[in-house]
Structures are given as C-alpha cells and as structure tokens.
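Welcome, and thanks for opening the viewer. Let's walk through this structure one selection at a time.

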Amino acid sequence: MTLQIESRTPALDDAGHPVEELVLNVGPSHPSTHGVGRMIVHLDGDVVVKVTPVIGYLHRGIEKMAENRTYLQIVPLTDRLDYVGSMYANWAYCRAVERLAGIRVPERAEYLRVIVCELQRIASHMMSIGSSAADTGAFSMFIYTFDVREGVVELFENLCGSRLTYNYVRPGGVSKDVPEGWTDDVLAFTGSLGPRLDELDRLFFGNTITRGRLKGVGVLSPEDAVAWGASGPAVRGSGVNWDLRQHRAYSVYPRMEFDVVVGERGDAYDRARVRLLECYESAKIIEQCIAQMRAGAIMTEGLPRLLAPPVGEAYDHIESARGSLGVYLVSDGSERPYRMKVRSPAFCNLALLPLLAVGHTLPDLVVILGSLDPVFGEVDR
Amino acid sequence: MTGFEQLQTRLAELSPKLYPLFSEEFGDAVIGVERSQLIETAEELRALGFDRLGMVTAIDRQEWFTLVYRVASRSLSAAVFLKTRVPREDAHLDSLCGVWPAANWQEREVFDLFGIVFDGHPDLRRILLPEDWVGYPLRKDYEDDRIIRRPDYI
Amino acid sequence: MNGFVWGLIVGLAAGLLIAIAALIGVWWERKVAAKIQMRLGPQEAGPAGLLQTLADTIKLVLKEDITPNQADEPIFRFAPFLVFVPCAAALAVVPFATGWAPFNIASSALFFLAVPALSVIGILLAGWSSRNTYASIGGVRGAAQMISYELPRTLSVLSLCLLAGSISTVGIRDAWRWWWIPLTAVGFLVYFIASIAELNRGPFDLPEAESELVAGYFADYSGIRWAIFMMVEYGGMVAASLFGAALFFGGGLGLPGALGAVVFVILACTLATVMIWVKWTFPRMRPDQLMGLAWKVLTPMALVQLLVVGAVIAWL
C-alpha cells in the first residue's frame, strides 16, 4: 500500500528564502510507537507542524468475525482487542451480553471480576509507564515496572492458566473459582505494592530530567478532552474528574471506597503520574473486595451453552485502564450476534494526537504518544 | 420513577421538541430522527448539555443502514442514543463534526467499513483499511474469497 | 627510534588498546546494566560471559557489508574511520605513568581535547551520506552536541593547566598535589558530564536515541562498520576515564610505583563504571535542554572554577 505524501509546496520565509518541510515517516515498525502505529510527521526544522496518524496495521476484523461466532466464542476474540488488559476487555463484552440477555451474575463472580480487573489495571499501567520511560531513555525503569507486572501475571497464571489472554470472564460469571491460597497471594502482592510504587515514583517521576522531558509537553485542556470524546487517565490528567467506577458505579464498585486520581495541568507528566497513583487505589479496591467476598456460585445457574438472547440491542461500558471501554451488541434472536461494535477508548484518545503534537519537537511527539497510551489491538480491532 | 422516566421528564422539561421522539429499549433512552433532522437534533442535544459523543456506529439492516450515536452528559448524568436511518442506495448523511469534534475519527471508521458518506466531513477517507481497498467489509453482502466460513455445527 | 616508526607502533597499539577496551568495556557495561536491572547479563560465552563480546565481534565481522542503494558510497564507507581515528589518536597522549606518555609533546592536553573534535566531521558525514532522514537528523544533532560540550570540557581542563603551569598532560600529572581534588571538584564534575556528552552516551545520547531515531546517524551501518562506531564509544569512554583519573586525581593519587599504577587503573575503572551507571539510570535529555545545559550551566560553572583557581594561584 502506498500513501501519497507530499511535503507541502515550498513557501518563502520572512527573508524571502524558500523553506520546505521535512516529511518524516515514523513507520509502523519503530521501537517507540507502542505497537504498530504509524505517524506521518511534517517538520519545520525540529518543530512538528502537522502529524497524521495512520492506523489499521493491526485491523483483524474482529467485529466482522464476531458476527459469525456464538456469544461464548467471541470471548477469546475480546481478549485480543486490548491485549494488555484482557480481563477488562472480556468483562465489557460480558456485561453487554448480560444486559442483552437479562442475566444476573452471582455476587462472588462480581467480586472476582472486580479483583481481576483491578489487578489487570495495575499490570496495564505498569506497562504504560514502563514503555513511556523506555521511550524517554530510562530503560531500567521499564524492567522495574515489568517486574511489578510479573507479579500480576503470575497470579493470573495460577488463576486461569494464561499469562496474557485469559478468556476468564464469561457471560454469566467467571470460568474458574480461585485456587487454594490465591487470595493470600494477592494480598501479599498488594501489600508489597506500596513501597515498590513509591520507589518507582522517586526514581522516575522525581528525576529532574524526566520532569524536563514530560512537564509542559502535550498539554490537553479539559474542554478539548471532553469535546474529542477522550476518556480515562488521559483525560483525568487534565483535571476532568470522571471515572465510571465512581460516577456510573457498576458491579460491586458502589461498595468500594477509593479516590479518583486527578491531575492538574494536563501534560504528559500528569497523565503518567495519574496512572501510577491509580495503582495505589486499585490495591485498595482489591483488598476491600477480598475482605468482603463470600463463598458462593461463580456462574449463573441454568445458562444455556448456546446463548440466544432475545431480539434487541444493548450497550454497556466499564472503566478500563485506557478509558471508557464499551460494547454495543445487536441481537436478532439467534446464537450469533447480528452486530458487535467495540467502543475503543484508545481509538478515541488517539484522535487527540494531531491536536496535541503541533508545536512540539520530535522527541516530544514520542512522549505525547506514550502518554496517550494506545494499544493498537484496541485501536485497530 | 425509573431512571429512564426521570431522564424523560428532565429532557421534556428542558426541550419539549425532543420528547415525542423517545422510545425505551432495554433501559437506554433512544431518540429516533429522520436523516434531514439529524444536525438540528444534535445541536439541540448539545445545547442541553450532552457534550460527549462516545460512539458512532452503523448496523446493516438489508434495505437501510441504521446509524447509532451515543451521546452522554456529565452534568445531566444521562446518556442517550440518537438513531437515524439511511437508505442503502443513497447512503449519505450530514456529518456531526461541527457539533462534536469527537465524530471525526468515528465517522471515518463508519465510512471505511460501511461505505456511508458523511457530507461536510473535513477529511473523509479510510482509516482502518488501506487506502486502495475495494469494498466495505461490515456490510452483510460483502464478498471476499479470503473469508473462511466457519462450519454451522458448533 | 625514528618518530615515524614510533608513531606507527603507537598507532597500532592504540588501535589494539581500543579493541580490548571495547571488548572488556562492553562486557562490563552489560554486567553493570544487568545488575541495575535485576538480571544476570552475559553468562554462557566464556567464564562469566567474558568472551561474549569476542563472539559478537566475530559475528559482526562475518556479516555482509551492506551499503544502502541511495547512500553516497565513498563517504559512507570512509566516515566510520574518520570517527575512529581521532579518538584513537587521543589515547596516545594519556600519561600512563609518571613522566611518561606514548606521545609526550608540550601541548598534549590541547591535543587530547582538540583532536577528537575531528570526529564530529565523521559523524556529520556518516549521517549525511546515508541519505536517510533519521540519519541526517541524528548526524546534525550529534555535531551540534559535540561542538557545544567541547567548551566546558576545555575550560575545566584549563583550570588544571593553570595550576600546573603547563599544558602537557605529563606535566600536569607530575605537578599534581592532593589539595587539587577539593579545589577542582567543580571542574571535575563539569569535565565528567561534558565527557559523557562528548561520547554521545548516557543521558545525552539523543543523536543515537534508540527509541526515537533508531540509532540515528549510524542507522544504516551494519556489521563491522557499526562495530567501529561502538569501539569509538567505548574507546572514548576509556580515554576519558583515563584522562580524568590521570589529571584530576594525579594518576595513582601521587602514590609511587606499582601501587600507583593499580590505584590509577582502579580510579579509571570507577569513572567508567559511574558513566555506565549514569546511562542506565537517567532518561534522555531533549536537544534544546541538552544545549541549555552546556551553555547555561556547565560553561558558567567551568568559568567560576577558573576564577577560583586563578584566585588561589595569585594568593599562592
């Protein structure tokens, strides 16, 4: 596929000399595009004048595939949407199915869903902060955050056998109950999380060079954030106090006590820091869940294997690590959905990039892309 | 009063013109409009305080396409589905980019996958598929040799 | 001995020294980085992975020598050597022992500071001849950075020259006194930071920023030509550490004979290790912040150091 890109016609600068833009292709195969993202950057010297993101390199047609699969078979497909956060991608889809079919999920399953979702949020944020740090050159930070993520991934491996794509949250509940001693392991993990996060905070966010790189870069105003349909930490960094877990509390979140972390200036530093501080809140939520969880069923009784919801449409959303992840399902009464649409937060957040990057330099562009935290599985579907 | 009824009454108080178009489907408030009234209704909603466009999508219903817009409002604590219909042979309608900037990429995606043209869109071109792709995959009559049909037995 | 023959021998020895320095330097860097990152580093090749770099070098030598189609071939092939030779030449004036350096000329400190500046041309040419946007951006950034940081580096060494009354490295090392350490501490800091920037290392490696420019000015180099750039980096690191240890710490801290030599080597290794440590801890600085640091922070610091030294000498 060839894209016809031309440097815009040579103009004359103030002294009357011809000036031409440099068109740089930050290609799909690049260490810091967070996956397969491509940006066509028009540079005036070292300053970015225009950025055109080109996406679709990971488009697999998941929405089309979903039309030819049963409701249960679609769950592994949702794993691969936001592959850094499979648990909550599963959950958003399952909530839409449950709404469509009128299924009530048992309480223990809801608690388990919240626990795994918050653990997944910690893992996802660690990945995001780590790769942002690697983009700015602090490679050791990448390793440290992945060490924290390793703790989560090991817990998931003990729980459902998988390290990346879990297929755990199913319509009607969850697929397996927790193994013996798993909740103690989780509590040990969350207990050790606080000091480790403090250390990461001091190491990366306290560093003068990091501050110089991240502060004041990619400032997003709250009005723009809302107008462009963005959500999640990218928007909370600008001071917009909006978190679906508190303001549209679903599942067992109404029973949890936690703070919504909000930034001030809306630059890359605040967005990244919001992600770090959210991990503390997630640890709090997990501990409360484990304290409140009681024995019980983990899957709705009497659910047919071939789920065939009545004719209709339903939409449900959750707060994922990237923002408001929603699934819109249309049913025609059969066991396969007529239409599945995934409202992907990373896709909507990425639309902010051309707006934020103008006027910054090339290294800042990389930092801004990292702060928007795109995962291209979700952007492209 | 259910949440839906509360929403209905509040919206009725704020704008009597929108109320008669309401219908309830699965607990989400839905407004259905004709294609020609789309921009007007969108601007009304925007003025009421629905400042977040979350999702734009389309459903292929054989003779027509249904366009679904989900708009939300923090201040009103409400979300509403705005639906409209577009005939298959004449699949174009007004772009809502002027009302909500968030519509930009979302409408490009609908154009890319369904072939619905949005008049007035600043930059309508394919977003997920390559520029030289032929056809609109999410349409029900999309033919492609490379698609593997899964067997009907489960 | 005939000067020319001696020069030839010294040149070959310097080349060899750089090769060995790169060998051990790369191994040590990987071990130190691994330690910082909670992993193990090279393990398999040789005892404790010591032969890892040798294995890598053999692999690199066996690679195909690729010149990109659109590159300017003669310059593309020549540029690595233009970067390498001045840095190798700088090693010739380091005072390895009291009163002795391979090339003991009257202005050897100036030689050490000025001759590696020629490699800036090599970097520019390497980036330019690759005919690749990333490479040319990297080359230009590298050139600007290296030129900027030469000033604080030279000024900091100048304060030592004032104290010693000579601009010969051997002369400075011989004239060293222990109280120079607290007196020139600021100058040493400036020299250290400026050296890291000169080598395109650590927080100042934007020209070769792996995560943005994908190796910048040497992006299109592969095989042994790329290895030459790497050898320049490690050879330069060794040269800067040796020079710093010799001048700012008087070689073996003024200790005699073998003990002095051992202390000298340990000091140089410590400096090199700190350079590695700094690289793996800090993020990278942006080009404008980098230039700002050179011109607005380090140069004034070096000038203040000069003032202080001047005052002390006048008082002495």
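How many residues of chain C are in contact with chain A? Keep in mind as you look that this is a predicted model. Select chains A and C together: 19 residues of chain C meet 25 residues of chain A.

Stay on chain C and pick out its helices. On the side that touches chain A, α10 (210-213), α13 (257-281) and α14 (287-315) of chain C each supply at least two residues. Highlight α10(C) in its own colour, since it is worth a look: the largest share of that side, three residues, comes from this helix. Now colour the chain C side that touches chain A by residue type, and you will find 10 nonpolar, five polar and four charged residues.

Next, hide chain C and bring up chain B beside chain A. Here 27 residues of chain B are in contact with 32 residues of chain A. Two elements of chain B give two or more residues to the side that touches chain A: β3 (52-61) and α3 (103-114). Zoom in on β3(B), which gives the most, with six residues. Apply the residue-type colours again: the chain B side that touches chain A divides into 15 nonpolar, three polar and nine charged residues.

Now show everything together. Which pair of chains has the most contacts? Of the two pairs that touch, it is chains A and B.

For a last stop, select chains B and C and leave chain A out. No contact joins chain B and chain C. Their closest C-alpha atoms lie 25 Å apart.

How values were computed. Residues numbered from 1 in each chain as written. Chains lettered and ligands numbered in written order. Predicted model: local features only at pLDDT ≥ 70, side-chain atom pairs only at ≥ 80, totals over all residues. Contact = placed C-beta atoms within 7 Å. Helix = DSSP H or I, 4+ residues; strand = E, 2+ residues; numbered from the N terminus. Nonpolar A, V, L, I, M, F, W, Y, C, P; charged D, E, K, R; others polar.
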